[in-house]
Amino acid sequence: MADSDRTVLDIVVEAIATTYRELVLNENIKNAFDKKGSLVQQTEKCEVRVYHGKAQKILLQHVLGEGDSIENYLTTITAAKGIRLKESGAKGGEGFAFLGPDRLYMLKTVNKAEKRALKGAFPDYRAYACGENKDSLLPRFLGFFRWVHGGTRRYGVIFYNVFHSMPSSPVAMFDLKGSVVHRLTLTKLTETKLLPMLESVEDPFQFLASHPKHVFLDADLLALGIRFRVHASHWNALEAAARRDSDFLKKFNFMDYSLLVGVGDISPDAVGGADDLLASHEGWWRLPAELVQREGKLDGKPDLDYCENIGDLRCCGYAMLYVGIIDILQIYNSGKKAAHAFKSIYHDGSALSTVPASQYQVRFVESETSVAAGYAMLYVGIIDILQIYNSGKKVHLLHPPFHLPATKPLTR
């Protein structure tokens, strides 16, 4: 590719790889760190600053291994050409790009507040990721840096793509926070009011599969009356890992993170068994699930209630789920406090995603008084009254607590 055909991000990624080669392969690299422990490298067209150089070197060696594995990683991220940032749609990051021919890694830009947050937490994050938390759902950061190109300064991270190991693209994707306020996208997707749209959906999973690039949110899943059932041992392991991860995030006042769920190809027959849980060291899990839907047709109102009787659910098939925690760098700061105060005028403040980190963590994991939507098998604190707008009129829909306890394993 001619130099004139290279994108800005092509140049930046090559400069990033060059800097990390110096970080990992230079035995005397500690002498090149500045007073803050950063490594700064200047190439012909780009300057790259690697934050917490020593900690990043240890983390790379722990996650990727020594020698050739790290070189393979650096070669892979520069293999694809014509790289461009795509708008992420998330509140925190500015954009993202897949790196490598197989989309193994993702580069995501972060804003200055997120950079400060990660910079402050990184030594503890390195210790957590290199400790006894191999089954963590948190992203594995393989790069944390700043680059300057053409007078523009940006910050970024590189981590594994949660879905890179899937045999094919996800049939459906969910971004789940445990909040239903402003978490309904179905009406925007179909440009149809909620009730007529729900009445027209015969098979919710087929409907999801017809929109494979759309990321569905919490209230979408509730409205469609669907959830996933998994083996009891998988439930217990995933809940324990999510509790440890969210406890760690709470220490640094992180909140507003999401559980990203990808649904693999749907089969009429059971996929995998009790021994088929994979907790990857790359920050994602794979586990088999039964896809179930609430029985019965809607009778003139958007009845979103869940029934405790498992017989009221029908099996719609089986699939592998791929899950991981994403967008972990949001801090409950003065801006979030102001947003919480304003939104609380119109909504139950405890139901918002902008809540203090300790409250967010409890809602993300706890099972005591919450509604278990069943997705990714975590108990998530959906509020008892779900408010939606139908034909311009606010409708209140009661949700009794629903639980899928670990004593009810996946039926085969």
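Here is a quick tour of one helix, α2, and the neighbour it packs against, α4.

Keep in mind that this is a predicted model. The protein has 412 residues, and 53% of them are buried. Its fold includes 11 helices and 15 strands. Look at contacts between residues at least 6 apart in sequence, and you'll find that 72% of them join residues at least 24 apart.

Now zoom in on α2. This helix is 12 residues long and spans 16 Å from its first C-alpha to its last, close to the 16 Å expected at 1.5 Å a residue. Quite a few of its residues are tucked away: Gly53, Ala55, Gln56, Lys57, Leu59, Leu60, Val63 and Leu64 are buried. Right after the helix comes Gly65, with a positive phi of about 90 degrees.

So how does α2 sit against α4? Their axes lie 10 Å apart and make an angle of about 20 degrees. Because angles under 35 degrees count as roughly parallel, α2 is roughly parallel to α4. As for handedness, the two helices cross in a left-handed way.

Here is who does the touching on each side:

| Helix | Residues in the contact |
|---|---|
| α2 | Ala55, Gln56, Ile58, Leu59, His62 |
| α4 | Phe122, Tyr125, Arg126, Ala129, Cys130 |

Sorted by class, this contact has seven nonpolar residues, two polar ones and one charged one. Some α2 names turn up twice: Ala55, Gln56 and Leu59 take part in the contact and are also on the buried list.

Definitions and conventions: Residues numbered from 1 in each chain as written. Predicted model: local features only at pLDDT ≥ 70, side-chain atom pairs only at ≥ 80, totals over all residues. Heavy atoms only, no water. Axes fitted to C-alpha atoms, helices over the stretch in contact; angles between N-to-C directions. Helix = DSSP H or I, 4+ residues; strand = E, 2+ residues; numbered from the N terminus. Parallel < 35°, antiparallel > 145°, perpendicular 65-115°, else oblique. Left-handed = near helix turned anticlockwise from the far one by under 90°. Contact = heavy atoms within 4.5 Å. Nonpolar A, V, L, I, M, F, W, Y, C, P; charged D, E, K, R; others polar. Expected span 1.5 Å × (residues − 1). Buried < 20%, exposed > 50% of the residue type's maximum accessible area, 1.4 Å probe, protein only.
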